[in-house]
Amino acid sequence: RPRRSLLFVWHTAEEQGLLGADYFVGNPTVPLDSIVAQLNMDMIGRGGADDIEGGGPRYLQLVGSRRLSRELGDLIERINRERGHGFAFDYGHDADGHPERIYCRSDHAAYARHGIPVTFFHTGLHLDYHQVTDEPQYIDYTKLFNVSSLVFDVALDLANRAGRPKLDGPKPDPKAACRQ
């Protein structure tokens with residue numbers, strides 16, 4: 001049993017403007033200041049060489065892992081290495097000013113606005129993204145399991161730590177516009 005509780009939240013209406021995530025942070029079931037990190041997984045069963053340039057079984061994109069807390073990003077890198085997950089992390093979509101603005105348009109953004117360190121784990125914007133051709137037969141279930149295992153290990157480590165990941169600066173203004 002971990003030292004801290006784990007809270008699992010499934011958000012809805014991300015594509016309509018983060019409605020579910022915004023609703024939760026506005027009406028949390030626990031005090032927001034008790035949430036030490038938010039780990040967001042979406043689209044974690046693709047990212048093969050046929051989907052993404054440079055993709056493959058160990059390809060994984062991370063967004064936001066060091067934006068509020070370098071400590072969280074370092075923890076994820078350490079767990080990936082020490083526990084033998086072997087993922088090659090792609091931080092390209094996390095770059096300042098990236099035109100896709102992934103940091104600002106997925107559910108983790110609602111938490112980051114409130115100073116909660118976040119990481120978005122995903123395997124890339126494949127050609128079937130938001131298309132009727134995005135079918136379950138294209139999911140790599142082994143990869144989905146491997147990404148989920150990494151996130152499990154990160155969550156368990158966070159839950160067993162004595163302290164929360166330290167913020168690198170002041171808490172952001174939750175009403176300010178998100179900046180990629």
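Is R105 buried, partly exposed or exposed? R105 is partly exposed, because its relative accessible area is 32% and the class called partly exposed lies between buried, under 20% relative accessible area, and exposed, over 50% (1.4 Å probe, protein chains only). The exercises below work on a predicted model, in which local features need pLDDT of at least 70 and side-chain atom pairs count only at pLDDT 80 or more, while totals for chains, interfaces and linings use all residues. Residues are numbered from 1 along each chain as its sequence is written, and side-chain values use heavy atoms, with hydrogens and water left out.

**Exercise 1. Describe the surroundings of strand 4 and the strands that pair with it.**

Step 1: Begin with the element itself, which covers residues 118-122; strands (E, at least two residues) and helices (H or I, at least four) are DSSP runs, numbered from the N terminus.

Step 2: Ask next how well strand 4 is covered, and the result is that five of its five residues are buried.

Step 3: Sort these residues by face, recalling that in a regular strand the side chains alternate between the two faces of the sheet. On one side are V118, F120 and H122, on the other T119 and F121, and both faces are covered.

Step 4: Look for partners, where two strands pair if DSSP finds at least two bridges between them. Strand 1 runs parallel to strand 4 and is joined to it by four bridges, with M41 standing opposite F121. Strand 2 runs antiparallel to strand 4 and is joined to it by three bridges, with Q61 standing opposite H122.

**Exercise 2. Locate G47 and M43, and compare their settings.**

Step 1: Place both residues in the chain: G47 is in the loop between strand 1 (38-41) and strand 2 (59-63), and M43 is found in the loop between strand 1 and strand 2 as well.

Step 2: Read their accessibility, which gives 1% for G47, a buried residue, and 21% for M43, which therefore counts as partly exposed.

Step 3: List what G47 touches, taking contact to mean heavy atoms within 4.5 Å. Leaving aside residues up to four places away in sequence, G47 touches I52, G55, G56, Y59, T123 and K143.

Step 4: Check the backbone of M43, where phi is near 55 degrees, a positive value in a residue other than glycine.

**Exercise 3. Find the disulfide and say which parts it ties together.**

Step 1: Apply the criterion, a pair of cysteine sulfur atoms within 2.5 Å, and the structure turns out to hold one disulfide, which joins C104 to C178 with an S to S distance of 2.1 Å.

Step 2: Find the two ends in the chain. C104 lies in helix 3 (residues 102-105) and C178 in the segment after helix 5 (141-160), so the pair ties together parts that are 74 residues apart in sequence.

Step 3: Determine the handedness from the torsion about the S-S bond, which is about -80 degrees, so the disulfide is left-handed.

Step 4: Describe the exposure of each end: C104 is buried at 10% relative accessible area, whereas C178, at 26%, is partly exposed.

**Exercise 4. Examine some of the salt bridges.**

Step 1: State the rule, which asks for a side-chain nitrogen of Lys or Arg within 4 Å of a carboxyl oxygen of Asp or Glu; by this rule the count comes to 14.

Step 2: Take D128 and R46, whose closest N and O atoms are 2.8 Å apart. D128 lies in the loop between strand 4 and helix 5 and R46 in the loop between strand 1 and strand 2, so this salt bridge ties together parts that are 82 residues apart in sequence. Both D128 and R46 are buried.

Step 3: Turn to R67 and D94, which meet at 2.7 Å, N to O. Since R67 lies in the loop between strand 2 and helix 2 (70-82) and D94 in the loop between strand 3 and helix 3, this pair ties together parts that are 27 residues apart in sequence. R67 is partly exposed at 23%, while D94 is buried at 12%.

Step 4: Return to R105, whose side chain meets that of E100 in a salt bridge (3.0 Å, N to O); E100 is partly exposed, with a relative accessibility of 33%.

Step 5: Finish with a network of salt bridges, which links R78, E82, R83, D153 and D157.

Conventions: Contact = heavy atoms within 4.5 Å.
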